[in-house]
Amino acid sequence: GTSVIPAWSVTMKDFVNCWNVSTYLVGRFQPKFTEFTPKELAFMFPSLQEGGVFTPSSCTQDQKAAILIPYRDRWKHLHTLLPVLIPLLMRQNVAFRIFIIEQELPGEFNKGALFNAGYLEALKVEDFDCFIFHDVDMVPVNDRNPYRCDSQNPVHLAAYVDKFKYEPFYDGLFGGVVGFTKYQYEQVNGASNMYFGWGAEDDDLRDRVFKKNFTIVRRPEGFYNMIKHSHGKSQWTPSLERFKVYSKRYERQDVDGLNSIVYHQRDLNIFPLYTWIKIWINTTE
Ligand code: NGS
């Protein structure tokens, strides 16, 4: 209803109008998977500010979103995703900052730990309202899927993926692209830090969500195409340990997560396209 318009906004910018972007949106589209250099991308998006920051100019957003992309050794994917993701976020009038959360080598990839470290590091930069955890290989192909958090429950944006013929893969799928408010992420104690290698960390996160009496908002417009992997290895090798860790998930939830993450921030670089943070996590345990 109209009751959400606060008095202060009536003067100039209308924040409700920020999500009223129907005229800019195209719905489903088929992006070409083209890799660009950071320089080309910066040239393509002059309204993007240093650090990968965008603030819509015609309205005031009620949410500031941190787009957190866990990363390691996927340069080509990242620079194929961004030419699609950045203009989509702009069409949606999202106020955002893009963070690349890179895990320092060596050691197995740990996406959950990168979620937690990225979340904490983002909050040192700015007080964001919405945290979108975004796989580097998930390219959105429907811009009517708002990069926005739900005030009540965590959101699953990547609901329908080409790899699964755009069918729900399984009921509990909660991977690819998900969104939490600060309150929601802290209530579930973030993600588990104990999944090294591929798989199950997203199932664990889903169960944390349900355990704390949230439900999941699955977006009917959440269509994505996955970038094909030319080389396998490291983060894509299914971890055999994962079932063992997963079976103890409820015992660990309150002691393993946002409140227990041990990491070091090795580097923070403000580039034109993104804020790039290098993270060390202990992978020898
Ligand atoms: C499940 C994995 C999830 C994974 C999903 C989709 O089997 O982590 O497949 O993977 N769960 C376990 O391994 C317990 S996908 O086909 O997209 O690579 O997200």
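Me: Is helix 3 mostly buried or exposed?
Reply: Buried: 11 of the 15 residues of helix 3 are buried, so the helix is largely enclosed by the rest of the structure. Keep in mind that this is a predicted model.

Me: Which residues of helix 3 are the buried ones?
Reply: The buried set is K111, G112, A113, L114, F115, N116, A117, G118, Y119, E121 and A122.

Me: And how does the span of that helix compare with what 1.5 Å a residue should give?
Reply: It agrees. Helix 3 covers residues 111-125, and its 15 residues should span 21 Å; the end C-alpha atoms are 21 Å apart.

Me: OK, on to the strands. What about burial in strand 2?
Reply: Strand 2 is largely enclosed by the rest of the structure, because 7 of its 8 residues are buried.

Me: Which way does strand 2 run against strand 3, parallel or antiparallel?
Reply: Parallel, over 8 bridges, with strand 3 being residues 95-103. One pair to look for is P70, which stands opposite I101 in strand 3. Between the two strands the chain passes through helix 2 (residues 75-91), and this β-α-β crossover is right-handed.

Me: How many bridges join strand 2 to strand 4?
Reply: There are 4, and these strands run parallel. A66 has F131 in strand 4 as its bridge partner.

Me: What is the bridge partner of F131 in strand 8?
Reply: That would be F180. Strand 4 (residues 130-134) and strand 8 are joined by 5 bridges and run antiparallel.

Me: How many residues of strand 8 are buried?
Reply: 5 of the 5, residues 177-181, so strand 8 is largely enclosed by the rest of the structure. Both of its faces are covered: V177, G179 and T181 are buried on one side, V178 and F180 on the other.

Me: Why do the residues split between two sides like that?
Reply: In a regular strand, side chains alternate between the two faces of the sheet.

Me: How does strand 6 pair with strand 8?
Reply: Strand 6 (residues 155-156) pairs with strand 8 in the antiparallel sense, over 2 bridges. There, H156 has V178 as its bridge partner.

Me: There's also an open sheet. What is its strand order?
Reply: The order is 5-10-7, so to speak: 3 strands, with mixed pairing. The edge strands are strand 5 (138-140) and strand 7 (160-161), each pairing on one side only. Strand 5 and strand 10 (residues 223-226) run antiparallel with 3 bridges, and V139 stands opposite N225.

Me: Switching topic, which residues surround the ligand?
Reply: G175, G199, A200, D202, D203 and R242. By class, that shell has 3 charged, 2 polar and 1 nonpolar residues.

Me: Where is T60?
Reply: T60 is in the loop between strand 1 (53-54) and strand 2 (64-71). T60 counts as partly exposed because it has 18 C-beta neighbours inside 10 Å. N93 is 33 residues away from T60 in sequence, and their C-alpha atoms are 8.9 Å apart in space.

Me: Last one: which residues do the UniProt domain annotations cover?
Reply: In the unreviewed UniProt entry, "Galactosyltransferase N-terminal" covers residues 18-150, and "Galactosyltransferase C-terminal" covers residues 156-229. In the model, residues 18-150 are 29% helix and 20% strand, with end C-alpha atoms 16 Å apart. Residues 156-229 are 23% helix and 19% strand, and their end C-alpha atoms lie 23 Å apart.

How values were computed
Residues are numbered from 1 along each chain as its sequence is written. This is a predicted model: local features need pLDDT of at least 70, side-chain atom pairs count only at pLDDT 80 or more; totals for chains, interfaces and linings use all residues. UniProt positions are given in the numbering used here, feature names are shortened, and annotations may be inferred rather than shown by experiment. A residue is buried if 20 or more other C-beta atoms lie within 10 Å of its own, exposed if 12 or fewer, and partly exposed in between; C-beta atoms are placed from the backbone. Two strands pair if DSSP finds at least two bridges between them. A residue is near a molecule or strand if its C-beta atom, placed from the backbone, lies within 6 Å of it. Ala, Val, Leu, Ile, Met, Phe, Trp, Tyr, Cys and Pro count as nonpolar, Asp, Glu, Lys and Arg as charged, and the others, Gly among them, as polar. The expected span of a helix is 1.5 Å times one less than its number of residues. A crossover is right-handed if, with the strands pointing away from the viewer, the path from the first strand over the helix to the second runs clockwise.
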